[in-house]
Number of protein chains: 2
Amino acid sequence: MNDEIDLSQRKKQILFQAVEDYIENANPITSGAMVSKSETTLSSATLRNELNALEQMGYLKQLHTSSGRVPTTKGYRFFVNTIKDSCRADIEGLLKIKNVFETRTINLTELIKVIADKVSEVTDYPTVISLGGIDKLEILSIKIIPLMTEQALMLIETPRGLLNNTLELKQNFDEQSCFDAGRVLTNKFKSMTIGQMIENIENKHQEILNELSEYANFFEYVLQSLIKLTKQYEKEGIYSKGATKLLKNPEYQNVEQAKDVLSLLEDKEELRNLIEDDSDCDIAFTIGDELNDNRLSECTIAKAHCKINGENIASVGIIGPKRMDYAKISGALKFIVDEFKKTDLLELHGNNKKGDKYD
Amino acid sequence: MNDEIDLSQRKKQILFQAVEDYIENANPITSGAMVSKSETTLSSATLRNELNALEQMGYLKQLHTSSGRVPTTKGYRFFVNTIKDSCRADIEGLLKIKNVFETRTINLTELIKVIADKVSEVTDYPTVISLGGIDKLEILSIKIIPLMTEQALMLIETPRGLLNNTLELKQNFDEQSCFDAGRVLTNKFKSMTIGQMIENIENKHQEILNELSEYANFFEYVLQSLIKLTKQYEKEGIYSKGATKLLKNPEYQNVEQAKDVLSLLEDKEELRNLIEDDSDCDIAFTIGDELNDNRLSECTIAKAHCKINGENIASVGIIGPKRMDYAKISGALKFIVDEFKKTDLLELHGNNKKGDKYD
DNA sequence: GTTAGCACTCCCAATCTTTGAGTGCTAACG
DNA sequence: CGTTAGCACTCAAAGATTGGGAGTGCTAAC
């Protein structure tokens, strides 16, 4: 697959410049233009030979005889691998994001929206952020508050903030029973994750029922509620912004082409599948055919995984044409990933004294 | 303005058929086509005379000599006024919506999303729903629950469900103080609206501070929180779906034209301004120039105001080309409005016994 | 290995032509 | 007087033709 080693130093340089120029101007690469633009001492004939060789090797392709050449996916891939570590961020725009991180007591769901908005603004590409599911969240405490007829609110405190959901109790409970039930549940499930709690409930159902004795009533409702909550977050924790910015690019002047991508950007479920993956690396580009989706054959997706305290919290995706500004995107994503790394979830919610909780 | 009275019965019929046909086929109306399609006994020459007259009167216009005619805004307006009461709903699709209304304990914010999704699916046009602000909501009770360090959760029960927001207390309070504070606040503000409560707090600040004595501490935070909450709902209570469906229409085959409308559909703030108005009527169409927005000169917006117990709860907007299927849209909107009318908010939240609240 | 030179390819834009759908007008008809 | 057949006129849209020019590949000379 990777035969970039076969490339002479000169070929590498030519290919790099060719792709770079194409990304900037969207004009097919020609030997003549390269002579006049770059500071090369080579003649156009020599460049033609080299470009021809690069085409044979699959890095470039011609649209027709006597047209300039355009990068193939392989060509873009070479380019991306080369610039991997050089980024060119719009510092000014990104600094605004920094402020957001420093705003305390911002809900994480809010946070990703603000970030997606800003990233899309700075990069000028559609941006998607998905929040990880809640199943890996640690439970800090559980509270139950009676509401109007036969309902109660279940509150679960987690390092990522407060989860809340209404319980359908089918029976009235008073303030005190609810309070006690919450305390019992907290004692039982504290410092498990939501996922573990569900698993635990499902596996040791009877056992726990006995253990919780008089609060067993709540128990069924809590389980149902947790499952509903998990599904809901799966569905809601995804946000996208700036879809129409795609239309600015010359590759989407044709409505037919744009339609596919735009409707994909409207479908949260598909977006989630697209953005999430288990890759370990912080930032990755997937180019054109590499995406294995006809609708996206002319797109590149840049993905980044944001971690707080080492835990995967959110995934950011930037969707653009293959001809996207890789260095800029790379810079923006690196910035976001770093900001997340520096952040402590508890701080996000205004708790500067970790571990100093009370219940 | 309205000189539809001047139209002979025959002209009305011709104009109606002309617009109807144009809406269906997007082909300019020609005398020849009208003869072959409709069961008229008139000759094409006579129709030409009539069409010419209708053009003089401003209902139709020609794109150029020797082309067929196209409806003007005035022509569409005539058409809409004529079909006002005939609707042609996709009953099957809409019945699915009915089920949603019957699902209890669905959050109103969730409800509008599901409805927008379905309406967009059934009509095949972008659909926007905005939820009214929270300021007119009646307060049923206020609860305060202590959370982790120096924070508490404020819960306000309203007929539209539970509002919640985190309070930054800057000081720890125990379970009991919070509980008591909630009770005091409830007694003071119960059955006011959120708006009245804010107003009240702002006007009689000192007075209330004295009255609440030991819970005065909470008071400032509650005020701030309420204001924040009001703003937040203003921003969040709007949802749109199906923007890309616009691209199916021949009038948006040109990216430049589509871009404007699509980016408008992405901007929640603009959408809100567009959808909300104070008009009393349940369903209204605003056509092309009537919208007073260049970007929308080729669009029609259908708006409906949904009321529960007489109170304006949500506004639905359907955006399409001027050539939209008015009868179908009208049917769909009427259905939604009626469903809302039949709904009791308390029932939505699972309370079948109204007034049977406890605190 | 590099490059000047040249034949060759083929897109693109401009121009022109043709076609035909559709109109407006007029004169005749019942 | 409303209706209609007939005809001249208009004009967009779709081909056909053309020339220009940008770009290539190849070859032969450096």
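1. Which residues is Asn200(B) in contact with, leaving aside its neighbours within four places in sequence? In this predicted model, Asn200(B) is found in helix H8 of chain B, which covers residues 194-203. Once the neighbours within four places in sequence are set aside, Asn200(B) is in contact with Phe189(B), Met192(B), His205(B) and Ile208(B). Its relative accessible area is 15%, and because buried means under 20%, Asn200(B) counts as buried.

2. A second buried residue can be read in the same manner, this time in chain A. Ala18(A) lies in helix H1 of chain A, residues 9-25, and with a relative accessibility of 1% Ala18(A) counts as buried. Leaving aside neighbours within four places in sequence, the residues in contact with Ala18(A) are Ile29(A) and Met34(A). Ala18(A) and Phe285(A) are 267 residues apart in sequence, and their C-alpha atoms are 19 Å apart in space.

3. Asn309(A) offers the opposite case, since its relative accessibility is 54% and exposed means over 50%. Asn309(A) has its place in a loop of chain A, between strand S9 (299-308) and strand S10 (311-321). Along the chain, Asn309(A) and Asp344(A) are 35 residues apart, while a distance of 6.7 Å separates their C-alpha atoms.

4. On the division of chain A, the student should notice that one domain is written as two stretches of sequence. Domain 1 of chain A takes in 8-83, domain 2 takes in 91-132 + 237-346, and domain 3 takes in 135-235. Between domain 1 of chain A and domain 3 of chain A, the C-alpha centres lie 61 Å apart.

5. The next point concerns the nonpolar cores. The largest nonpolar core has 56 residues, and those with the most contacts inside this core are Ile115(B), Tyr326(B), Ile336(B) and Phe340(B). Helix H13 of chain B, residues 326-342, gives the most to this core, with 9 residues. Because domain 1 (8-83) and domain 2 (91-132 + 237-346) of chain B both give residues to this core, the core lies between these two domains.

6. Ile336(B) can serve as an example from that core, as one of the residues with the most contacts inside it. Leaving aside its neighbours within four places in sequence, Ile336(B) is in contact with Ile97(B), Ile115(B), Val119(B), Cys306(B) and Val316(B). Apart from the largest core lies another core, of 55 residues, which includes Met34(A), Phe78(A), Leu131(A) and Ile318(A). Met34(A), a member of this other core, is also one of the residues in contact with Ala18(A).

7. Turning to the DNA, strand C is surrounded by 20 residues, of which the closest are Arg10(A), Thr46(A), Thr65(A), Ser31(B) and Arg69(B). Of the atoms of DNA strand C within 4 Å of the protein, 80% belong to sugar or phosphate, and the rest belong to bases. Two of the closest residues illustrate the phosphate side: an N or O atom in the side chain of Thr65(A) is 2.9 Å from a phosphate oxygen of DNA strand C, and an N or O atom in the side chain of Ser31(B) is 2.7 Å from a phosphate oxygen of this strand. A base is also reached, for an N or O atom in the side chain of Arg48(B) is 3.1 Å from a base nitrogen of DNA strand C. The elements that give two or more residues to the surface near DNA strand C are H3 of chain A together with H3 of chain B, and the largest share, 4 residues, comes from H3(A). By class, the surface near DNA strand C has 3 nonpolar, 13 polar and 4 charged residues.

8. DNA strand D deserves an equally careful reading. Of the 20 residues around DNA strand D, those that come nearest are Ser31(A), Arg69(A), Arg10(B), Thr46(B) and Thr65(B). Sugar or phosphate accounts for 79% of the atoms of DNA strand D within 4 Å of the protein, with bases making up the rest. A polar side-chain atom of Asn52(A) lies 3.0 Å from a phosphate oxygen of DNA strand D, whereas Ser43(B) has a polar backbone atom 3.0 Å from a phosphate oxygen of this strand. For a base, the example is Ser66(B), with a polar side-chain atom 2.9 Å from a base oxygen of DNA strand D. Helix H3 (44-56) of chain A and helix H3 (44-56) of chain B are the elements that give two or more residues to this surface, and H3(B) gives the most, with 4 residues.

Methods
Residues are numbered from 1 along each chain as its sequence is written. Chains are lettered from A and ligands numbered from 1 in the order in which they are written. This is a predicted model: local features need pLDDT of at least 70, side-chain atom pairs count only at pLDDT 80 or more; totals for chains, interfaces and linings use all residues. Side-chain values use heavy atoms; hydrogens and water are left out. A residue is near a molecule or strand if one of its heavy atoms lies within 4 Å of it. A polar contact is a pair of N or O atoms within 3.5 Å; within protein, one must be able to donate a hydrogen and the other to accept it, and residues adjacent in sequence count only if both atoms are side-chain atoms. Ala, Val, Leu, Ile, Met, Phe, Trp, Tyr, Cys and Pro count as nonpolar, Asp, Glu, Lys and Arg as charged, and the others, Gly among them, as polar. Domain bounds come from an automatic or database domain assignment. A nonpolar core is a set of buried Ala, Val, Leu, Ile, Met, Phe, Trp, Tyr and Cys residues joined through side-chain atoms within 4.5 Å. Buried means under 20% relative accessible area, exposed over 50%, partly exposed in between (1.4 Å probe, protein chains only). Contact means heavy atoms within 4.5 Å.
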